[in-house]
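Here is a short tour for anyone who likes to read a fold through its contacts and angles. Keep the viewer open and follow along.

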Amino acid sequence: MQTATKQEAVTDTVAPVDALTVGAIGILAYMLGNVLHEGAGHGGACLLVGAKPLVLSSVHFECSLDSRLVMAGGTLVNLLAGAVFFALERFTGRSYPRLMYFFWISMTVNLFTGTGYFLFSGIGGIGDWGEFIQGLGPQWLWRIGLTLFGAVTYLLAARISLLELRPLIGSNKEQRYPRAVRLSAIPYFAGGILMCIAGALNPKGMILILISAAASTFGGTSGLMWSTNWLNRGTMIPCGPPAEPMPIHRSWWLIVGACAIAIAFIAVLGPSVLFWR
């Protein structure tokens, strides 16, 4: 017991994790994932089908044309972004731990958001994919398919996330779990609270907070809270190189910058932006 405590103290000294910096990086990742989903995904698809964007907010997007491509656009862009951030994280060296962490949490948020939408729409019959399957045949069959596909891909995303987290948590079996919890829980709560605050300003009402802001953050990225338990289950997530975890030191410019962007995000996308009347 004393040995484990001593090892933890040494690890915290050699490779500290600053909570404020981790939280700042986390909210940046959540805001980026949201803008990619609503703006680049739904908004980009709206432009591709030749329609006009009407309203953009942190919890919804309205297009002048109902199109399945527009409905699917948000999820597809999140999944594509997750793949891009996966590659960027792989190419980031140990000399840039904060950048690597940003790529990792951005990858995780986008993959969880993308795959979580299939599961959410399959179970609840609402959301982007609930609308997408309307008129395509037996709804119960489509919902079962979405639920199964969402569950499988979500679990796969969770495993990929943990495997890619290993450079930041090291290979010490006693230390990697508490370190992973810290790197996962802080952005989960910081990002979720931010999205709910922004969603509360939406003129559409509280329903969008429940089915969009809260569901896509606290629900959609809930894997950040429970998947870390896999680190304690045998060889499900094997220890990988390097042996030593990477430190995330405090960065005041990053903390202040993230706060400023968050305020602008809430002020602009919270109430929503009207493009056409």
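Contact here means that heavy atoms lie within 4.5 Å. With that in mind, let us start inside the model, which is a predicted one.

**Asn110 and its surroundings**

Asn110 sits in helix 4. Is Asn110 buried or exposed? Its relative accessible area is 0%, and because the limit for buried is under 20%, Asn110 counts as buried. Leaving aside residues up to four places away in sequence, Asn110 touches Gly33, Leu36, Asn78, Leu79, Ala81, Gly82 and Phe85. Two polar partners of this side chain can be picked out. The side chain of Asn78 makes a polar contact of 2.7 Å with that of Asn110, and the backbone oxygen of Ser106 is 2.8 Å from a polar atom of the Asn110 side chain.

**How helices pack**

Asn110 also belongs to the set of helix 4 residues that meet helix 2. On the helix 2 side, the residues involved are Thr21, Val22, Ile25, Leu28, Ala29, Tyr30, Leu32, Gly33, Leu36 and His37. They face Arg98, Tyr101, Phe102, Ile105, Ser106, Val109, Asn110 and Tyr117 of helix 4. The crossing of helix 2 past helix 4 is right-handed.

A second pair to look at is helix 6 with helix 7. Here Leu165, Leu168 and Ile169 of helix 6 meet Arg176, Arg179, Ala180 and Leu183 of helix 7. The geometry of both pairs is set out below.

| Helix pair | Packing angle | Axis separation |
|---|---|---|
| Helix 2 (residues 19-48) and helix 4 (residues 97-124) | about 40° | 9 Å |
| Helix 6 (residues 139-169) and helix 7 (176-200) | about 105° | 10 Å |

How should these angles be read? Angles from 65 to 115 degrees count as roughly perpendicular, so helix 6 and helix 7 are roughly perpendicular to each other. Helix 2 and helix 4, by contrast, are oblique to each other.

**Gly23, a residue of helix 2**

Gly23 is found in helix 2. With a relative accessible area of 12%, Gly23 is buried. Which residues does Gly23 touch, not counting those up to four places away in sequence? They are Ile186 and Ala190. The C-alpha atom of Gly23 is also separated by 8.8 Å from that of Leu183, although the two residues are 160 apart along the chain.

**The sheet**

Now turn to the strands. In general, strands of a sheet pair through backbone hydrogen bonds, in a parallel or an antiparallel way. In this model three strands make an open sheet in the order 2-1-3, with antiparallel pairing. Strand 2 (61-63) and strand 3 (273-274) are the edge strands, each pairing on one side only. Helix 2 packs on this sheet, where it touches strand 1 and strand 2, and its direction makes about 5° with that of strand 2.

What links strand 1 to strand 2 along the chain? A hairpin does, through four residues. These two strands pair antiparallel over three bridges, and Val55 stands opposite Glu62 in strand 2. On the other side, two bridges join strand 1 (residues 53-56) to strand 3, again running antiparallel. Leu56 has Val273 of strand 3 as its bridge partner.

**Two loop residues**

The loop between helix 10 (252-269) and strand 3 holds Ser272. Most residues other than glycine have a negative phi. Ser272, however, has a positive phi of about 95° although it is not a glycine. Ser272 is buried too, with a relative accessible area of 17%.

Asn202 lies in the loop between helix 7 and helix 8 (206-219). Which residue does the side chain of Asn202 join in a polar contact? Its partner is the side chain of Ser57, at 2.9 Å. The relative accessible area of Asn202 is 5%, so this loop residue is buried.

Technical notes: Residues numbered from 1 in each chain as written. Predicted model: local features only at pLDDT ≥ 70, side-chain atom pairs only at ≥ 80, totals over all residues. Heavy atoms only, no water. Buried < 20%, exposed > 50% of the residue type's maximum accessible area, 1.4 Å probe, protein only. Polar contact = N/O pair within 3.5 Å; in protein donor to acceptor, adjacent residues only side chain to side chain. Pairing = 2+ DSSP bridges. Axes fitted to C-alpha atoms, helices over the stretch in contact; angles between N-to-C directions. Parallel < 35°, antiparallel > 145°, perpendicular 65-115°, else oblique. Left-handed = near helix turned anticlockwise from the far one by under 90°.
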